[in-house]
Amino acid sequence: MIENPQEQFRVDVRRRLLLLGGASGLLLVGLGVRLFYLQVLKGGHYRDMANDNRISLHPIPAPRGRIFDRFGVPLVENNPDYVLAVIPELAGDLAQLLSRLQTYTSLSDKTIEVVLRQSRRQRAFLPLKVKSHLTWEELSGIEVHLPSFPGVIIQTRSQRVYPYGVLGAHLLGYLGEVTDIDREQFTQIRFRYGDLVGKNGVERSYEELLRGVEGVRELEINAFGRQVRELHQSAAQPGQDLYLTIDLALQRSCEELFQGQTGAVVVLDVNSFEVLAMVSYPAYDPNEFIRGFTAKQWYVLLNNPGRPLSNKAIQGQYPPGSTFKMVVALAALQEGRITPQDRFFCPGYLMRESQRFNCWRRVGHGSVNLEEAIEQSCDVYFYRLGEKLGIDIIEKYARLFGFGESSGVGLHGERHGLVPSRTWKRKTRKEAIWYPGENLITAIGQGYLTATPLQLACMTAAIANGGTLYRPSMIRNNAVTPVIRQPVFVRREHINIIKQCMELVVNGEHGTGRAAKPAEVRVAGKTGTSQVVRQQRHDDRSDERRFRDHALFVAYAPADRPEIALAIVVEHGGHGGQTAAPIAGKIIDRYFERQRLQQGRGVDHVL
Amino acid sequence: MFFNRNEPLLLISPRLELVRLTERFSRFPWGLLVLITTVFTIGMVALYSAVGGMVNGANFIIQQSIHFTVAVILMVVIALGESKFYRRHVYFVYAITLILLLLVMLSGTVGMGARRWLDLGIVRIQPSEMMKLALIMALSRYFHDQAVTPGLRLVDLSVPILLILPALLMIIRQPDLGTAVVVAATGCVVIFVAGITWKVLLISVTAVLASMPLVWNWLHGYQRQRILTLFFPEQDPLGTGYHIIQSKIAVGSGGLTGKGFMAGSQNHLHFLPERHTDFIFSVLAEEWGFVGVLALITVYGLIIFYGLLIATMARDRFGMLLASGITSLFAFHVMINIGMVVGLLPVVGIPLPLVSYGGSSMLTVMVSMGLLAHVSVHSKQHGSYNYN
């Protein structure tokens, strides 16, 4: 026993200090465990967070591919857009600086107010956008006086420009900000918020090629967001330039001649099925999509009865009317149901099952053979062929000529048209039975049958080249042999008979398409009229334009050695021979006139 | 009991235990100074990086070096003091400090939303820092004089509580919650070592826990916010949670071996707040990793161990209690600071001893280390005397 109270105290103190020492040891080990957890176990997580803190990724935009016509004329370009910006920390008195800038650029007081408000929200060393789309005058004015505007910078960014405005608008398309629909369609592209993407036409169809790959700058930033240094940079890969099959001069002729009408024109090269021109009217200026619309402009565009936003060449679906008669005639010849010499009598109508089927000529055509029937577009003759063939054979030949399916041209939003059949009717209609009368109506290209102008042009081109249906193309980037969709399937002599008939339509004494006769070359064609209101035929002079029939015309030229084929639809244009044929004739005339002049001068192409 | 009543007599003739100066010098615990210098050196490496090297922070680096040099000299001088010198003047020091605290309350300088400093013209002093030591000394002296062995009853605690409470309340009023907690905790440790009975300990702990809701109500809004933020820092990532989040990122991203000297992105890109003062541990952790912080914690552990050892060897009760109190004060600082930096404790302004930049913190720590060394110099292991 320890006697001394102090030593006794010491023993007690030792016990208590041992306890304290143990406790602090435990606490220190606890801190060590915590540090082990943070640094070793979760080290990767926190390293990522530290990198998120310090690394900021700045995209380098990839220049989008340009688009040229077949001769290298630029149709879509990227122009620099000059943006006036200011770095507030260098500017001194920002409000005063902005008001001084008003001398050189149109800056409203309201804009200045907005900019000043923005300047309070962001860091003073970050550029503050003041005005985009500077004009040359504004730009040069400011550039000259730049030394007296501290902190003012001119930023350059790329902007899509369509130098010809409405010309080829539907074909080329336009750009818009990316939406969920775009993300779903282009799953390979990693869009960022606010990215521009092709919304229509070639811009959309070839988005993947045109787009290129964005580069990226990895910047190290400090806690205030100021750039410290550049860590890494990967260059942008520019998008691919596209060379279209379009002939700008022809496209321009088509649009000029189409002024004031509503409808579409498609011109094809008969041997390669390259699209030389594709017009839809009325059109819009794609540059407005880039600059941005006012609500009113957009409203006007949306509510225009001419539907300027749709590309009628591939999206307009019209009953082909009499332009379909070539298909029916070829079917009848090929199936041996008629010979070209067979005659039918046309009294102006045909009665079937107490139903009256009118010919467009109320007084009738009298006795007509195949040649006369096509030349004068006799409906009764083709009612009889429809009876003889039936819907199954008509459907088969219509499909062989490419009706009822996508042409494969590769443009966004192409429609298929419709080739009716028994099966189709059973599936989709309440009256499931195919009536014999419907054979008759289909044979003259009316009823359920519809086709796009592009499909009509393809049909015409296939007839013109002797019976081969190719896949139409828009892009010439690498010369590809045209893809055959349907090899020759009718005998050449039958095709030749039909081609002869089509020559008569334009050149014959009674031809319905005489108005299309051009000066330069001999043309073969076929008129068509597609009914807008069924059953009772409306008077052509009807006041209500929207009840008038659509005028159609298909043609190829030159008649002896065809080079181009075209299809033209004038909505509510009345008879095809009246409205559509003259436009077609002038288009062909201009095309060959220019070709003659160029050859004379020994130049490959001149615009 | 009898012995203690006689002690004042001994005070009258202190020279009985006079040890020669050279002897005291040779008894100086040089090992402690080596450990302290090691921590300081590690701290200087971190500070060098935290202030951006000599280019940007030469001022800080030179200043801190001067602080340390002065502080080491002060430590040695204090350590070499006569054996009973400090014990004799304890209550005087305590009274002066209490008066200074009172002056702060009445006319202190406001900084960072709190009234903590007393401006004396040339220097600004922080009486709450002094009070940490003064209180330990006063309590040690009181228990030394009482010499109740062992087992203090509740009634025996009335004087110590009277010593603690006024100081504590004034510090809380400043408000400086961190220091208040340290002062209270250190006081409790001294009472505990002095020999509180387990029953009384249990009652006290229960009482403290029971009063927690009251304390919560009494806290300032920002103090409550800090405590809440500790548990949910992500709720306010740009506000009060920012410090905790950025500090945890800095510590965690250091990994096992760290990003390398002067290569901590959290530090150099200014994501880390208070880099050279309260959060300097994060800089070390980021650049030197787990290996680096483990080294520092180990040295801290050795210092604490050394301190406790000195306490057990002390010549008298005063020495034992003083050494225990100082060591626990040191340990509290280390643990609270690191705990705060790694997101275990609320953000309170407790600097990391010997490492955080700052003269007053350095001086307080080194004065306390000097007192610790003083206890060691006069400890029993060198017992050439038989006191009893």
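Reader: What are the domains of chain A?
Author: The domain assignment of chain A gives two entries: domain 1 (58–243) and domain 2 (248–291 + 311–600). Keep in mind that this is a predicted model.

Reader: How far apart are the C-alpha centres of domain 1 of chain A and domain 2 of chain A?
Author: Those centres lie 46 Å apart. As for the contact, 31 residues of domain 1 of chain A and 25 residues of domain 2 of chain A take part in it. Put together, domain 1 of chain A and domain 2 of chain A bury about 2700 Å² between them, with 61% of it on carbon and sulfur atoms.

Reader: What makes the link between Arg70(A) and Glu274(A) a salt bridge?
Author: The cut-off is 4 Å from a side-chain nitrogen of Lys or Arg to a carboxyl oxygen of Asp or Glu. The side chains of Arg70(A) and Glu274(A) meet at 3.0 Å, N to O, so the pair passes the 4 Å test. The count between domain 1 of chain A and domain 2 of chain A is one salt bridge.

Reader: How many residue pairs are in polar contact between domain 1 of chain A and domain 2 of chain A?
Author: Ten residue pairs, both partners at pLDDT 80 or more. On the side of domain 1 of chain A that touches domain 2 of chain A, the elements giving two or more residues are strand E5 (152–161), helix H7 (169–172), helix H9 (201–205) and strand E10 (242–243) of chain A. H9(A) has the largest share there, four residues. By class, that side divides into 15 nonpolar, ten polar and six charged residues.

Reader: Why is H11(A) called largely enclosed?
Author: Buried means under 20% relative accessible area. Nine of the eleven residues of helix H11 (residues 248–258) of chain A are buried, so the helix is largely enclosed by the rest of the structure. Among them are Leu248(A), Cys254(A), Glu255(A) and Phe258(A).

Reader: What is found at the start of H11(A), and what just after H11(A)?
Author: At the start, a side-chain oxygen of Asp247(A) reaches to within 3.1 Å of the backbone nitrogen of Ala249(A). Just after H11(A), Gly260(A) takes a positive phi of about 85°.

Reader: How many residues of chain A and chain B are in contact?
Author: 38 residues of chain A are in contact with 52 residues of chain B. The area buried between chain A and chain B is about 4100 Å², and carbon and sulfur atoms give 71% of that. Phe9(A), Arg16(A) and Gln39(A) supply 18% of the area that chain A buries against chain B, more than any other three residues.

Reader: How many salt bridges are counted between chain A and chain B?
Author: Zero. The interface of chain A and chain B does have 13 residue pairs in polar contact, both at pLDDT 80 or more. On the side of chain A that touches chain B, H1(A) gives the most, with 24 residues.

Reader: Why is Gln246(B) called buried?
Author: The limit is under 20% relative accessible area. Gln246(B) has 7%, so the label "buried" fits. Gln246(B) has its place in helix H12 (residues 241–253) of chain B.

Reader: How do you know that Gln246(B) makes a polar contact with Asn53(A)?
Author: The cut-off for the N or O atoms is within 3.5 Å. The side chains of Gln246(B) and Asn53(A) make their contact at 2.9 Å, so the pair falls within the 3.5 Å limit. Gln246(B) also touches other residues, including Phe271(B) and Pro273(B).

Methods:
Residues are numbered from 1 along each chain as its sequence is written. Chains are lettered from A and ligands numbered from 1 in the order in which they are written. This is a predicted model: local features need pLDDT of at least 70, side-chain atom pairs count only at pLDDT 80 or more; totals for chains, interfaces and linings use all residues. Side-chain values use heavy atoms; hydrogens and water are left out. Buried means under 20% relative accessible area, exposed over 50%, partly exposed in between (1.4 Å probe, protein chains only). A polar contact is a pair of N or O atoms within 3.5 Å; within protein, one must be able to donate a hydrogen and the other to accept it, and residues adjacent in sequence count only if both atoms are side-chain atoms. Contact means heavy atoms within 4.5 Å. Domain bounds come from an automatic or database domain assignment. Buried area is the accessible area (1.4 Å probe) that two parts lose on being put together, summed over both. Ala, Val, Leu, Ile, Met, Phe, Trp, Tyr, Cys and Pro count as nonpolar, Asp, Glu, Lys and Arg as charged, and the others, Gly among them, as polar. Lists of a residue's contacts leave out its neighbours within four places in sequence.
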